[in-house]
Amino acid sequence: MRDPRVGEIAFREWHDRWWNARIVEPHTLRGDASSIKNHVMPYWADWEMRAITRMDVQSWIRSLVEKGAGPAAIKRAYNLTSSIMRAAVDDDVIAVSLCRSIDLPPIAVKPPQWFTPDQAQSILDGLAPAWRTMCLLGFYTGLRWGELSGLHRHRIDTRRSRLFVVEVNTKSGIKEYPKSSKSRREAPLPPHVLAALERHIHQLDRDAVVFATITKGRSGRLLADSNWRRQIWWPAVEAAYHFGDDGELQLVPRYPPHSMRHTCASWLVQRGVSLYEVQHLLGHESFQTTQRYAHLQPDAHKAVLGAWERMETPLTIVA
């Protein structure tokens, strides 16, 4: 039998017990701590766990909306609170979780930002050789930035023209994807990409990271995302030009490094590669993530147009 008096514990106290038992990455902890400090504790800290109702949770969400919190921030705060509640159920602190059937503000899904081949080439031309190879690999494999900067020499199979995505570079250092993760995968290498990669790695030790710092006196260290963006990526993008549809020279769109991944997927879909294959190449956990590229398929609107063409008496207007 569950002792109902256990539910008298304050939310803040139960949160502290839950927090100290978590096993997550340090950078995730930092983001979660900020979310809880800004959006969770100001509302729930002094509530008794047993006193919280589902409608109280919905009212809290409404208060966050009214205060101007963004949908993504609200979702993160809600997910953390839901985890706290589930743990309380598992420990018989409360009978059921109150985080159920809660309406959250919708998160607008932005269409993927991708470069045209001319735009990508202009960016590559403005990079130093080492970074040119790294970005060439990004455009043709769709690896995440952490996967590119965490790639090890021995994960490249030059004989079979492919690489294996196993490690990822994080703010906490190199870590391996779990074996059950879809992020652990292999990617084929086109001949010209393999050739560029072979030129880059031929003097590297077997266990070396393929792309590391090259600054004199600091070479060979793991890359930091923020530094690499500031020192390498943004200067190249901001100096890159291409010819627009009107024939005029114009700046390349100021898209972040992750757009190399979107670009890879977009190019493949436009060339008829199935969304299923793209999902496996990019290591998407959910097919819904891959479906963002569906509108780029060559026959995306073929069925619709075909239906209109088969209409016996189409509507017309007088010119």
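**Talking through a predicted model**

In this predicted model, the protein has 13 helices and seven strands.

Trainee: Let's begin with the overall dimensions. What is the radius of gyration of the protein, and what would a compact globule of 319 residues have?

Mentor: Good place to start! The C-alpha atoms fill a box of roughly 75 × 70 × 35 Å along the principal axes. A compact globule of 319 residues would have a radius of gyration near 20 Å, but the protein has 25 Å.

Trainee: Among contacts between residues at least 6 apart in sequence, what share joins residues at least 24 apart?

Mentor: A contact here means heavy atoms within 4.5 Å. Among those contacts that link residues at least 6 apart in sequence, the share joining residues at least 24 apart is 63%.

Trainee: And the surface: how much area does the protein expose, and what part do carbon and sulfur atoms supply?

Mentor: Let's take the interior alongside it. Of the 319 residues, 40% count as buried. The protein exposes about 18900 Å², and the part supplied by carbon and sulfur atoms is 52%.

Trainee: How far apart are the mean positions of the positive and negative charges?

Mentor: There are 42 positive and 34 negative charges to place. The distance between their mean positions is 4 Å.

Trainee: Now helix H9, please. Where does its kink lie?

Mentor: Helix H9 covers residues 225-238 and contains proline 235. Shortly before that proline there is a kink of about 30°. Its place is isoleucine 232.

Trainee: Is Ile232 buried or exposed, and which helices help to cover the buried residues of H9?

Mentor: Ile232 is one of the buried residues of H9, and Trp228, Trp233, Trp234, Ala236 and Val237 are buried too. So Ile232 counts as buried, as the cut-off is under 20% relative accessible area. What covers the buried residues of H9 includes H5, H6, H7 and H10.

Trainee: Why does histidine 262 count as buried, and which residues does it touch?

Mentor: Histidine 262 is found in helix H10. Histidine 262 counts as buried because its relative accessible area is 10%, and the cut-off is under 20%. Leaving out residues up to four places away in sequence, histidine 262 touches Pro112, Gln113, Trp114, Arg292 and Tyr293.

Trainee: And glutamine 279: which residues does it touch, and what is its relative accessible area?

Mentor: Glutamine 279 has its place in helix H11, residues 275-282. Not counting residues up to four places away in sequence, glutamine 279 touches Lys182, His284, Glu285, Ser286, Phe287 and Thr290. Glutamine 279 is buried, and its relative accessible area is 8%.

Key:
Residues numbered from 1 in each chain as written. Predicted model: local features only at pLDDT ≥ 70, side-chain atom pairs only at ≥ 80, totals over all residues. Heavy atoms only, no water. Helix = DSSP H or I, 4+ residues; strand = E, 2+ residues; numbered from the N terminus. Rg over C-alpha atoms; globule rule 2.2 N^0.38 Å. Buried < 20%, exposed > 50% of the residue type's maximum accessible area, 1.4 Å probe, protein only. Areas by Shrake-Rupley, 256 points an atom, 1.4 Å probe, with all protein chains shown as cover. Lys, Arg positive; Asp, Glu negative; His and termini not counted. Charge placed at Lys NZ, Arg CZ, Asp CG, Glu CD. Bend = angle between axes of the 7 residues up to and from the residue.
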